[in-house]
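Student: Got a minute to go through this one with me? I'd like to start with the surface and then work inwards.

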Amino acid sequence: MTSKDHKSIVRIARDNGSRTELEPVDLGARVRELRKARKWTLEQAANQAGLARSTLSKIENGQMSPTYDALKKLAIGLEISVPQLFTPPERDQVIGRMAVTRMGEGTAHATTTYEHELLAETLTKKQMLPYRARVRARSMDEFDGWVRHDGEEFLYVLTGVIRLYTEFYEPVEMRRGDSAYYDGSMGHNVISVSDEDATILWVTSLA
């Protein structure tokens, strides 16, 4: 796959939603919003977070500033990260959304070096682009230079054996169950070295 091919796939996902500037968040209101989105009572949410009901009530009503330990408990109880407590959801975002892609039902996008199957396409404004790829390439000569793009990338080998080439590291041979996480702006390419075409799961960040 050429750099242009990869960027076109990433652009498909990015074009599904626009970015907006975030405004400061009222922590108490944010916690209440997250709790109500899960249809939890104060007592249920407090139990989930391991906090006293009165403590959670004071946080929601802006009557106390929680310690970092309390923030961590809140985040764990709400099953989100601490930064998400201070990040407002984008307009029209649905909390708790999910997309299931059955085997073979992803959108196909073939290039000379890879056969991609785009996953979770029904979700807009994604922060990650997941796709399954069959690696056709057998030599670096098949690529028109390095693939480079914004964001970070995670690669997981599903079947076969691949060789991951990167701009700043020695080539790495990887087998089923092996994975790699790397900077997408660093040049990278993947080829199959097994008899059969290898398949991999790729997840590219879009933020």
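**Surface, sheets and cores**

Tutor: Sure. The protein exposes about 12200 Å², and carbon and sulfur atoms supply 49% of it. Accessible areas here come from the Shrake-Rupley method with a 1.4 Å probe, and for residues only the protein chains shown count as cover. This is a predicted model, where local features need pLDDT of at least 70 and side-chain atom pairs count only at pLDDT 80 or more, while totals for chains, interfaces and linings use all residues. Residues are numbered from 1 along each chain as its sequence is written, and side-chain values use heavy atoms, with hydrogens and water left out.

Student: How many helices and strands does the protein have?

Tutor: There are 6 helices and 9 strands. They are DSSP runs numbered from the N terminus: helices are H or I with at least four residues, strands are E with at least two.

Student: And what percentage of the residues is buried?

Tutor: Of the 207 residues, 38% are buried. Buried means under 20% relative accessible area, exposed means over 50%, and partly exposed is in between (1.4 Å probe, protein chains only).

Student: OK, sheets. What's the strand order in the one with 6 strands?

Tutor: That open sheet runs S1-S2-S3-S9-S4-S7, with antiparallel pairing. Two strands count as paired if DSSP finds at least two bridges between them. Strand S1 (107-110) and S7 stand at the edges with a single partner strand each, so one side of each is left without a neighbour in the sheet.

Student: How many bridges join S3 and S9?

Tutor: S3 and S9 pair over 8 bridges, in the antiparallel sense. Ala133, for instance, has Ile200 in S9 as its bridge partner.

Student: What about the sheet of 3 strands?

Tutor: Its order is S6-S5-S8, again an open sheet with antiparallel pairing. Here S6 and strand S8 (188-192) are at the edges, each with a single partner strand, so each has one side without a neighbour in the sheet.

Student: How do S5 and S6 connect?

Tutor: They form a hairpin with 5 residues between them. S5 (residues 161-166) and S6 (residues 172-175) pair in the antiparallel sense over 4 bridges, and Leu164 has Val172 in S6 as its bridge partner.

Student: Where does Pro171 sit, and is Pro171 buried or exposed?

Tutor: Pro171 is in the loop between S5 and S6. Neither word quite fits: Pro171 is partly exposed, because its relative accessible area is 41%. Leaving out residues up to four places away in sequence, Pro171 touches Arg163, Leu164 and Tyr165. Contact means heavy atoms within 4.5 Å.

Student: How far apart are the C-alpha atoms of Pro171 and His188?

Tutor: They are separated by 9.8 Å, with the two residues 17 apart along the chain.

Student: Switching to the inside. Which residues have the most contacts in the largest nonpolar core?

Tutor: Leu155, Ile162, Val190, Ile200 and Trp202, in a core of 23 residues. A nonpolar core is a set of buried Ala, Val, Leu, Ile, Met, Phe, Trp, Tyr and Cys residues joined through side-chain atoms within 4.5 Å. The largest share of this core, 4 residues, comes from S3.

Student: What does Ile162 contact?

Tutor: Not counting neighbours within four places in sequence, its contacts include Val135, Leu155, Val172, Val190 and Ile200. Apart from this core lies another, of 18 residues, among them Leu27, Ala45, Ile59 and Ala70.
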